[in-house]
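Here is a short briefing on one structure. It covers pockets, a sheet with its packed helix, and salt bridges.

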Amino acid sequence: MLVKVFGAAVQGIDATLITIEVNCSRGIRFLLVGLPDTSVKESHERIVSALEVNGLKFPRKQVVINMSPADIRKEGSAYDLPLAVGILAASESVRTDKLGDYLIMGELSLDGSVLPLRGALPIAIMAKENGFKGLVLPLANAKEAAVVEGLDVYGVSNIREVVDMFNNNELPDVTKVDLEEEFRNSISDYELDFSDVKGQENVKRAIEVAAAGGHNIIMVGPPGSGKSMMAKRVPSILPPFTLDEALETTKIHSVAGRTDLNSSLMFNRPFQTPHHSISNVAMVGGGTNPQPGEISLAHNGILFLDELPEFNRSVLEVLRQPLEDREITISRSKYSVKYPAGFMLVAAMNPCPCGYHNHPDRECVCPAGSVLKYLNKISGPLMDRIDIQIEIVPVPFEKISGRASSEKSSDIRERVIRAREIQRKRFKSVKGVHSNAQMTSRMLHRFAQPDAAGLKLLKTAMERRSLSARAYDRILKVARTIADIDNSENIKPVHIAEAINYRNLDSENWAYK
């Protein structure tokens, strides 16, 4: 008897429909074809044990299984459940009249328990697009898949439940999620708040501008000046997720197996902090079976690189293309996958190996030339892609010990949200552009054109600092954001001047000051 069961293969952050054809005939062989990897081939042993423990019989016949389309490699153990159901149906142990209405996925343990899988959200989206009535998957992944409207999601914990579902019409409870309520409940105060930061008003202003326009920022200062402390508080001033952003970000983390199984969606923007010993593949994604890297896991959130010069230079150089294109393509001989990489880069570094170059009180002990050598670990093209470069000086003792309260993150976040709303309205007709940092050179002439005084000021700065054309664009983008924070329709000279001051490292003699 020939039956068809439907599963899914996840490629990139999208899923592809897989048709599992099972045929039982006379004989005693077991054949599995259709480009399965080793873990899929090993499913035979898990299925045999799971069926026996639950009082079900593996057919003593020739079982031939084809996983179509055969040119897509089938990877992972999540095909155990659809394969087992297909084998039971082909041996007439499971009714087949409703099999075509459901997409089935899940890994089986030896006792028949259904274990969690990766990529539940993209699988659910694909099932809805292909017109399936329902999705059967592990109970642990049910909440994540249930955010897709118009699809009945059935979470199961044992293969016996699936058999009863088709034979006895004993349907498990449909998993439902109230996204609006979950969004409301997820809005909470952050543990880390900018009110904890004493002094550093100019740096906090630069961070506010960066958050308001989605700009990349680097902070340069001696040890203990508060670089990491302030970077960790940036998420507390970012605007909350929209539903589309939450769905897209959750898809990426679902494919990587990083989602919280107790939650349906990610409601807080990601904050990725890779160690400086990270490899190229771990940063951008890839591997034998391609997976999202840190830059994709930081999509719609923040990628924080502490001690930037300590990262391998090749790791930093691979960031250049994603910073511009906001996506990364992983190519293999037979296929390629694209992962989104629209992150906000926040970086921190010491000004020299000893950390005290330009320190107001302590003397730098680095030998001659070592400061410039240290800074040159970061290439000019990469530094050009960082919109805001701010130098930090230590906070005086009087401010550290003072009781004066600093501005709360919630107050800063309100200004950031207002500025982002201005940008949303400005770019509503432009696909793929949501913030000032994403503007193209052509869009700058339309939305960020300074007046004659501002243009003259910018020309003088360009000539004195020998700035590149890319730096020119960055200054205009930052000036546009500053104007948005001030609720100004036009870019004024004061906005240009502030944006120029956020290019501290562009000074030709910075390393020798």
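β1 contributes the most to the lining of the second largest pocket, with 4 residues. This is a predicted model. The second largest pocket holds about 750 Å³ of space, and the largest pocket holds about 1100 Å³.

**Second largest pocket**

- The volume of the second largest pocket is about 750 Å³, and 30 residues line this pocket.
- Closest to its centre are Val 10, Arg 73, Glu 75, Asn 289 and Gln 291.
- Two elements, β1 (2-11) and β16, give two or more residues to this lining.
- By class, the lining of the second largest pocket splits into 16 nonpolar, 7 polar and 7 charged residues.

**Largest pocket**

- What lies nearest the centre of the largest pocket? Of its 37 lining residues, Glu 245, Glu 248, Asn 300, His 434 and Gln 438 do.
- At least two lining residues of the largest pocket come from each of α10 (243-255), β16 (336-340) and α18 (409-426).
- The class count for the lining of the largest pocket is 13 nonpolar, 10 polar and 14 charged residues.
- β16 thus appears in both linings: it supplies at least two residues to the largest pocket and two or more to the second largest pocket.

**Sheet and packed helix**

- An open sheet is built from 5 strands, in the order β11-β14-β17-β10-β18. The pairing is parallel.
- β11 (271-272) and β18 (388-391) are the edge strands, and each pairs on one side only.
- β11 runs parallel to β14 (residues 302-305), and 2 bridges join these strands.
- Phe 271 has Ile 302 in β14 as its bridge partner.
- Helix α8 (residues 201-213) packs on the sheet. This helix touches β10 (217-220), β17 (344-349) and β18.
- The direction of α8 makes about 170 degrees with that of β18.

**Salt bridges**

- Side chains of opposite charge can pair when their charged atoms come close.
- How many salt bridges does a search of the whole structure find? The search finds 20.
- Glu 201 and Lys 204 meet through their side chains in a salt bridge, at 3.4 Å from N to O.
- Both residues sit in helix α8, and because they are 3 residues apart, about one helical turn separates Glu 201 from Lys 204.
- Helix α8 therefore holds this pair, one helical turn apart or about that, and also packs on the sheet.

Key: Residues numbered from 1 in each chain as written. Predicted model: local features only at pLDDT ≥ 70, side-chain atom pairs only at ≥ 80, totals over all residues. Heavy atoms only, no water. 1 Å grid on protein atoms, 1.4 Å probe; cavity = no way out; pocket = protein on both sides within 12 Å on 5 of 7 lines; lining within 4 Å. Points joined across faces, edges and corners; volume = space filled by probe spheres on them. Nonpolar A, V, L, I, M, F, W, Y, C, P; charged D, E, K, R; others polar. Pairing = 2+ DSSP bridges. Contact = heavy atoms within 4.5 Å. Axes fitted to C-alpha atoms, helices over the stretch in contact; angles between N-to-C directions. Salt bridge = Lys/Arg side-chain N within 4 Å of Asp/Glu carboxyl O.
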